[in-house]
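Trainee: I would like a close look at how helices pack in this model. Please take one part slowly, then move on to what else can be read from the coordinates.

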Amino acid sequence: MPQQRFPKIEILQMAPHYIQFILSETDTSMANTLRRIMIAEVPTLAIDLVEYAENSSVLNDEYIAHRLGLIPIRGGDCHAAFLPHRECVCYDRCPRCSVEFELDVNFDKVNQTRPDQERDLALTVTSRNLTSNNMLVSPAHFLSEEEQDESHDEGISIVKLGPGQHLKLKAIARMGISKEHAKWCPVAVATYRFWPIITINQEACSMLTLEQKQELVEACPDRILELDEITGNLVAVENAFEMATFTEDLKTTQNAMKKRPEDDDFVRVVQSQDKFVFSVESTGAMDAEEILMSSLRVLKDKLNYMAAEVEKLKD
């Protein structure tokens with residue numbers, strides 16, 4: 001019978017748009033499953049239907065609809081807040097399965113309120129011009145406060161308008177997953193790395209000179225080793241797990257220092273098979289913590305469904 005596992009998660013770093021954590025006491029299959037669920041099966045909101053009243057801009061209707069669909073819609077974890085459009089019992093749409101946004105920008109009207117030095121410039125229509133009928137749902141104009149401070153626009157650019165041009169539309173946001181379309185993907189980055197296990201053979205290292213030890217430190221491009229100032233021994237740096245990616249140069253250098261090829265390595269770096277470092281960055285549609293919790297919920301639902309199907313087969 002397979003050995004039962006009890007996976008653990010340890011948070012290393014967390015911000016609204018970014019989370020780094022350690023997943024341990026499990027294997028690659030579970031780590032990759034969690035990563036793929038974050039990318040493809042966490043439900044989010046995205047604009048799925050656009051109805052135009054007027055569009056005299058330089059971009060055609062389909063182009064603007066495509067740009068609107070890629071604007072992250074911030075509605076939190078919509079797992080229980082909304083129904084998929086195809087599962088809702090309403091005829092067309094309702095607040096349970098959709099959110100309506102309205103946009104109405106007329107260059108000539110807006111230009112009258114602009115400063116004199118800006119009246120000859122094109123008017124940028126951004127995500128700030130989208131008005132939601134749900135107070136809890138709005139476009140994610142910026143990923144973070146730092147991005148907002150550095151930006152020259154008020155939000156995500158949609159189109160530029162000139163004299164006499166007018167854009168008026170209604171956009172419908174629906175819940176979906178990125179397995180259907182990438183616009184529903186909540187993550188910009190979702191990756192994991194194997195935790196490096198760094199073993200230093202101090203007995204073998206005691207036969208090396210200080211210059212040779214320093215050569216080993218400098219041989220590794222990731223700089224995962226350093227010399228202890230007091231003892232002069234080789235030690236791993238504090239954040240070695242974040243830096244250890246390429247150790248072939250270290251292996252080549254220490255092989256040249258060995259008296260015999262079969263001698264033990266001075267430093268050995270291997271990948272852990274049950275410990276992984278995840279890095280997840282949000283698009284802005286959800287907080288990184290919400291993405292992690294939602295992906296775990298989706299995984300739990302899948303396992304419960306599989307267990308129920310297995311029980312049916314037994315009956």
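Mentor: What follows covers two helix pairs, then a loop residue, then the cysteines. Keep in mind that this is a predicted model.

Start with α1 and α9. Helix α1 spans residues 28-40 and helix α9 spans residues 288-314. Their axes come within 9 Å and cross at roughly 115°. An angle from 65 to 115 degrees counts as roughly perpendicular, so α1 and α9 are roughly perpendicular to each other. The crossing of α1 and α9 is right-handed.

Now the residues. From α1, the contact uses Met30, Thr33, Leu34, Ile37 and Met38. From α9 come Ile291, Leu292, Ser295, Leu296, Val298, Leu299 and Lys302. By class, this contact of α1 with α9 has nine nonpolar, two polar and one charged residues.

Next, α6 and α8. Helix α6 covers residues 210-219, and helix α8 covers residues 248-257. The two axes come within 8 Å and cross at roughly 160°. Angles over 145 degrees count as roughly antiparallel, and α6 and α8 are therefore roughly antiparallel to each other. The crossing of α6 and α8 is right-handed. On the α6 side, Gln212, Glu215, Leu216 and Ala219 make the contact. On the α8 side, the residues are Asp249, Leu250, Thr253, Gln254 and Met257. Sorted by class, the contact of α6 with α8 has four nonpolar, three polar and two charged residues.

Back to the α1 end of the chain. Thr26 sits in the loop between β2 (18-24) and α1. Its relative accessibility is 4%. Buried means under 20%, so Thr26 counts as buried. What does Thr26 touch, leaving aside neighbours within four places in sequence? Its contacts are Arg5, Pro7, Gln273, Asp274 and Phe276.

Last, the cysteines. A search of the whole structure finds zero disulfides. Cys90 is in no disulfide, and the nearest cysteine sulfur, that of Cys88, is 3.5 Å away. The cut-off for a disulfide is 2.5 Å between sulfur atoms. Cys97 is in no disulfide either; the nearest cysteine sulfur, that of Cys90, is 3.7 Å away. Are these two residues buried or exposed? Cys90 is partly exposed, with a relative accessible area of 21%. Cys97 is buried, at a relative accessible area of 0%.

How values were computed:
Residues are numbered from 1 along each chain as its sequence is written. This is a predicted model: local features need pLDDT of at least 70, side-chain atom pairs count only at pLDDT 80 or more; totals for chains, interfaces and linings use all residues. Side-chain values use heavy atoms; hydrogens and water are left out. Buried means under 20% relative accessible area, exposed over 50%, partly exposed in between (1.4 Å probe, protein chains only). Axes are lines fitted to C-alpha atoms, for helices over the stretch in contact, and angles run from 0 to 180 degrees between N-to-C directions. Helices (H or I, at least four residues) and strands (E, at least two) are DSSP runs, numbered from the N terminus. Angles under 35 degrees count as roughly parallel, over 145 as roughly antiparallel, 65 to 115 as roughly perpendicular and the rest as oblique. A crossing is left-handed if the near helix is turned anticlockwise from the far one by less than a right angle, and right-handed if clockwise. Contact means heavy atoms within 4.5 Å. Ala, Val, Leu, Ile, Met, Phe, Trp, Tyr, Cys and Pro count as nonpolar, Asp, Glu, Lys and Arg as charged, and the others, Gly among them, as polar.
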